[in-house]
There are 2 protein chains.
Amino acid sequence: MPSPPLKIEFVINSILMQLRAGTLRPGQRLPSIRDEAQRLGIGKNTVVEAYLRLVGQGILAAKPGSGYYVVRSPPAPPLEREIPLAAATDRISLLAEQLDRRLPIRPGDGRPPTEWLETSELRRYLSYQRFQEADSYNSSWGYKPLRERLCGALAERGIACSDDQLLMTHGANHGMDLVIRRYVAPGDNVLVDDPGYYPLLAKLALAGANAIGVDRRHDGPDVADLEAKAKKSGARLFFTQSLAHNPTGGSITFGTAYSVLRAASNFNLLVIEDDPFADILPYTAPRLAALDQLDRVIYIGTFSKTLAGSFRTGYLAAAPRLASEINELKVITAVSTSAHDERLIFQLVEHGHYLKHLRRLRTRASAATAASVEALEALGLNIRRPIGGGFYLWVELPEHMGSEDLVHDAAAAGIFIAPAANFSTSQEPAPAMRVNVAHGADPTFLNWLREQMGRR
Amino acid sequence: MPSPPLKIEFVINSILMQLRAGTLRPGQRLPSIRDEAQRLGIGKNTVVEAYLRLVGQGILAAKPGSGYYVVRSPPAPPLEREIPLAAATDRISLLAEQLDRRLPIRPGDGRPPTEWLETSELRRYLSYQRFQEADSYNSSWGYKPLRERLCGALAERGIACSDDQLLMTHGANHGMDLVIRRYVAPGDNVLVDDPGYYPLLAKLALAGANAIGVDRRHDGPDVADLEAKAKKSGARLFFTQSLAHNPTGGSITFGTAYSVLRAASNFNLLVIEDDPFADILPYTAPRLAALDQLDRVIYIGTFSKTLAGSFRTGYLAAAPRLASEINELKVITAVSTSAHDERLIFQLVEHGHYLKHLRRLRTRASAATAASVEALEALGLNIRRPIGGGFYLWVELPEHMGSEDLVHDAAAAGIFIAPAANFSTSQEPAPAMRVNVAHGADPTFLNWLREQMGRR
């Protein structure tokens, strides 16, 4: 046997391997110190030390008089995917130095000085007056003051998040794309909400992955379905939107959120939680990332749905190691995000404009929701409840309105509809459509709907 | 044999296949009309019609009294790569409708109305006052007025480019990343400038491709080396920067540009030309895209080097089919680019601020170049000539300064340098470094250099 520190590592790794393989699971008791020492032919102190380190990592817990138990699987597991990141790493450090500007004398820099560009005479046209500094490129993680603000916003939502866990993206879709490129290989099975966010389905198809739909119910993912499909598929990732779900409009409950995380722990899943409406929803809404504290949850946010679609600005928060791996990929592929947009958003937040805007937006959305619900129910249509507070209603349709022709018939009448088939991994989902509350009470739409419903 | 139009197609396809397989090459004479008609058992008129259509496509040329000759290979060939784009395509059409907004009634839309977001009361903080409209998301190709402006700028550079050929990107790196994701499979050989742009090398490593360096000389790529490596490697793509080359500072000559394109035609290469300094270089500088007219050249531009690094705004121009394929990939992975930044840039261009800024930038860059050249040559260092008008000097170093320690020694003195090794696919390039003209006359740097040169 090797030296004592290596023996401890050996015991720890053997436990981690059993946890990853699923032969040891949360709730199970570990062999006693004596049995394990005997089995491995090592000293009891070594086993004690290994167990204690795993207690320190929150993976085991000691119950006095009873022994050691598994509390949870090791965090963030699906990282075995080998991508040729290492081959690119010496370039990353060079790129990072360009972005982070640690050295004062910079003949090796590839960029012109900011005094030649955005902080030159041009400055006055770029609304930078209120800023002391304006780095030419962003730091590799994004504009720091905005990132700090966002960590504050996450803390309000109950998600503790430090500076090395949050990176800026070109929007939620860019965040998902980075996660997929980093952790999904062609042929991989990946779990998704069904119905779910269709641009995610497109990205998974592009990556050559198999999207496996987990039934989305009024209170969140169907946990039994999640467990069955995780078990059968061996998937390691689950993409989900907990709140104001796109397309069904509903929000997860605390009970379901807890069960989803337990299932994720049992089946060693990394969960990617998309939360585009966070800024108009209650701080205290149930978020997987708040329960789990960014352990096995990657949390994705954006300003596209609540500030402006014309910015491509979002963010991603994750365990430090994952955040760093994902940011490396971002730097290689896109160098950085728009510090200009990030600065402008920071300014809107800092001066209270964004907060005032959110109040107005909430009022608008809830008035439109009420009007749409009233008009659609007056037609005799059933809307899935409860409604989660975002922009979507999930409207069930009569059986005969499930046809693919419906989209074309609507388009012929100048109406853009989004039927269930767009959001599902299955070919024939139950007839339904997503209705945007801003347009749900449109008279032309309502008349067309009434006509369609009358047809047989 | 099939019907006459299909017979013509048959003849055309048979010629194209021979060209793609390399059994028929530019310069070679085709069989006579009579021989070909006899060989295929079809009418002479059919052969004439097929040949004439290929003349119309610029692939064949008729020499009166002599017959038909191959002028060039069919354009844009390396498109055989199957990526699972089709699987994602039904989602693309939905995304595209969201972006392009063709239908007036929009209950199926996933987005809130812009009147709720950026054109709401918030508008006054977003400097949109001067704009009539402000779409929530960009069109899928980018902000149209800026794209039209850019087509105009390309026309000035001699590159005819229509609306369906130019898409906006999150900068030049995003453009390269899109091309690589679309057309490069793991294990592919890809030709690059050597020395060349190191973030490109990182992206190719990430894609699992083999970057094969083509010697970069003072007047552009070494064409004999390009031909030899294209032949040996079977590579289908060549990434190059013709003007104010990063890192060597030089620019291609017309003669070399012509030879590069001939080699590309002979070896069926798609050429990706990066032109980040275009806006401070002469309109009439030799550009591959101008000679080739976006036939087998993809042209990549950016505002990062001449306007502001804090915008992530660039563009890509290509043959319509390629542009469309690349834009589809952009939509799936990133939805769109920042219409906000694109609008702001358009405004700077439209009002003449950008033009004034470019004049100042040219003055700054050339003054800094003169000062750096003088200071470095005073130390006895050799700078590669001619200098191409961008931000870089390629400074040859004494043999003993080729070590890897140099970077660390410099960093210890607070100096960030970029030695040849960073830019090369080979492990031991000749000792040299890229010097940014903005920092080349920095006294601390010059003192450090003098010290290093004295050591043995």
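This passage describes the symmetry, salt bridges and charged patches of a predicted two-chain model. Local features need pLDDT of at least 70, side-chain atom pairs count only at pLDDT 80 or more, and totals for chains, interfaces and linings use all residues. Residues are numbered from 1 along each chain, chains are lettered from A in the order written, and side-chain values use heavy atoms, without hydrogens and water.

Chain B was laid on chain A with an RMSD of 0.4 Å, by a turn of 180 degrees and a shift of 0.1 Å along the axis. This is the relation of a two-fold axis. In chain B, the C-alpha of Asp341(B) is nearest the axis, at 3.7 Å. Superposition was by least squares on C-alpha atoms of residues with pLDDT of at least 70 in both copies.

A salt bridge places a side-chain nitrogen of Lys or Arg within 4 Å of a carboxyl oxygen of Asp or Glu. The count is 28 over all chains. Arg287(A) and Asp275(A) form one at 2.6 Å, N to O. Both residues lie in the loop between strand E8 (270–274) and helix H10 (288–292) of chain A, so the bridge joins parts 12 residues apart in sequence. Arg287(A) and Asp275(A) are both buried (under 20% relative accessible area; exposed is over 50%, partly exposed in between; 1.4 Å probe, protein chains only). Glu350(B) and Arg149(B) pair at 3.0 Å, N to O. This pair links helix H12 (residues 339–350) to helix H5 (residues 144–156) of chain B, 201 residues apart.

Glu404(A), Asp405(A), Asp409(A) and Glu428(A) form a negative surface patch (over 30% relative accessible area, no salt bridge, like charges joined within 9 Å). Glu404(A) is exposed, at 68%.

Methods. Patch = residues over 30% accessible without salt bridge, like charges linked within 9 Å, V, L, I, M, F, W, Y side chains within 5 Å. Areas by Shrake-Rupley, 256 points an atom, 1.4 Å probe, with all protein chains shown as cover. Lys, Arg positive; Asp, Glu negative; His and termini not counted. Charge placed at Lys NZ, Arg CZ, Asp CG, Glu CD. Helix = DSSP H or I, 4+ residues; strand = E, 2+ residues; numbered from the N terminus.
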